[in-house]
Amino acid sequence: MSLPSPLAQALALARQATGLSEPNPRVGCVLVAPDGTLLGQGHTQRAGGPHAEIMALRDAQAAGRPVRGATAYVTLEPCSHHGRTGPCCDALIAAGVARVVASATDPNPLVAGQGFARLRAAGVDVQVGPGGPESRELNLGFFSRMVRGTPWVRLKVAATLDGRTALDDGRSQWITGEAARADGHAWRARATAVLTGIGTVLQDDPRLDVRLDEAPRQPDLVLVDSRLQVPPDARLFEPPRRLRIYCAVDDAGRRAALEARGAEVIPLPDGRGKVDLAAMLRDLARREVNELHVEAGFKLNGSLVREGLVDEVLAYLAPKLLGQGQGIASFGPLASLEQALRLQFRSVDRVGDDLRLVARVTGRDEF
């Protein structure tokens, strides 16, 4: 479906908020005069900063363009509550905007149609729907957190054509090429948090940060470490950022050492000596995690798959064969082929010498 050009521009602006606006949704706004003149535009800034509508109003004001009688094209319902900022619907009303064309209703229970209701009560003409699928897809993590109460879980793997992610001894650097690794950093950057397991930390001692010059923020880190084995001098603590460690056995001495390094230790046992992964996802949602980017080993990957917690797979396939080695995810054994985890390809692209495949677990986006 072709979109009105101002709304297409608003969606392009919203994409610029990717990796910046977390945990707020990625929203763009374009203000247009009755004669079609562009008056102002903007996208949501960092949490606590102005939303897209405010940025567009400021843009128009800075250029000396009055917006009374204008149409605001916005990719998500203007907020109606006092959160980190004031209600955007009130700002549009005060500015004299005559019409609002919005792509989707905000799933946040604190908004959920109330912004539209207040606009209509003030005499503003409201149209909802154009660009709705595009806006929802761009904010799938935010919609997941608000509707399901869990983040959108994306499992990232780098593998050979025969599905090997590492040698038998765990060595995996580097299966894919430099271009694929750089692309992987861009996917890290868009996530609210990056999740890994203690096995990966002990084997590779990764930093799991975003090493891109243009990255506006570093995602939080989440570590599944049932027995608190992570060394206090692990590279996960470099650079300093929010690190949450979920454990099953709480050791006071180890906990104190990790907390001294700035980590938050969260005991969440499942009764079998492991971390309750489903409860962890619900806890992360309460902590405003929208997209959870998983970079872990085959054991944690397998646990997430086995418990039905994975929404999407981001796979980089290198033109190599390893034969023996570690796989993508260890789960099963399955009694029949019908029990396989079914996915649908969303995209297949060449990245350097490798392939990037994005595949979504069937039905996971139906909420």
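**Exercise 1. State which residue of strand 14 stands opposite L317, and describe how its strand pairs.**

L317 faces L355 in strand 14. Strand 12 covers residues 312-318 and strand 14 covers residues 354-361. The two run antiparallel, joined by 6 bridges. Strands here are DSSP runs (E, at least two residues) and helices are runs of H or I with at least four, both numbered from the N terminus. Two strands pair if DSSP finds at least two bridges between them.

The model is predicted: local features need pLDDT of at least 70, side-chain atom pairs count only at pLDDT 80 or more, and totals for chains, interfaces and linings use all residues. Residues are numbered from 1 along each chain as its sequence is written, and side-chain values use heavy atoms, with hydrogens and water left out.

**Exercise 2. Lay out the open sheet of 9 strands and find its edges.**

Start with the order: 10-9-8-7-11-6-12-14-13. The pairing is mixed. Now look at the ends. Strand 10 (264-267) and strand 13 (343-351) each have a single partner strand, so one side of each lacks a neighbour in the sheet. From one strand to the next, the twist averages 20°; angles run from 0 to 180 degrees between N-to-C directions of axes fitted to C-alpha atoms.

**Exercise 3. Examine both ends of helix 9.**

Helix 9 spans residues 252-260. Its N-terminal end is capped by D251. A side-chain oxygen of D251 lies 3.1 Å from the backbone nitrogen of G253. After the helix comes G262, with a positive phi near 100°.

**Exercise 4. Explain why C88 and C79 form no disulfide.**

A disulfide is a pair of cysteine sulfur atoms within 2.5 Å. The cysteine sulfur closest to that of C88 is in C79, at 3.6 Å, which is too far for a bond. The search of the whole structure finds 0 disulfides. C88 is buried, at 0% relative accessible area. C247 is buried too, at 0%. Buried means under 20%, exposed over 50%, partly exposed in between (1.4 Å probe, protein chains only).

**Exercise 5. Place H43 and list some of its contacts.**

H43 sits in strand 2 (residues 38-43). H43 is buried, with a relative accessible area of 13%. Contact means heavy atoms within 4.5 Å. Not counting residues up to four places away in sequence, H43 touches residues including L13, L20, V27, H51 and M55.

**Exercise 6. Summarise the whole chain.**

The protein chain has 11 helices and 14 strands. Of its 367 residues, 51% are buried. Its C-alpha trace spans about 65 × 45 × 40 Å along the principal axes.

Note on methods. A polar contact is a pair of N or O atoms within 3.5 Å; within protein, one must be able to donate a hydrogen and the other to accept it, and residues adjacent in sequence count only if both atoms are side-chain atoms.
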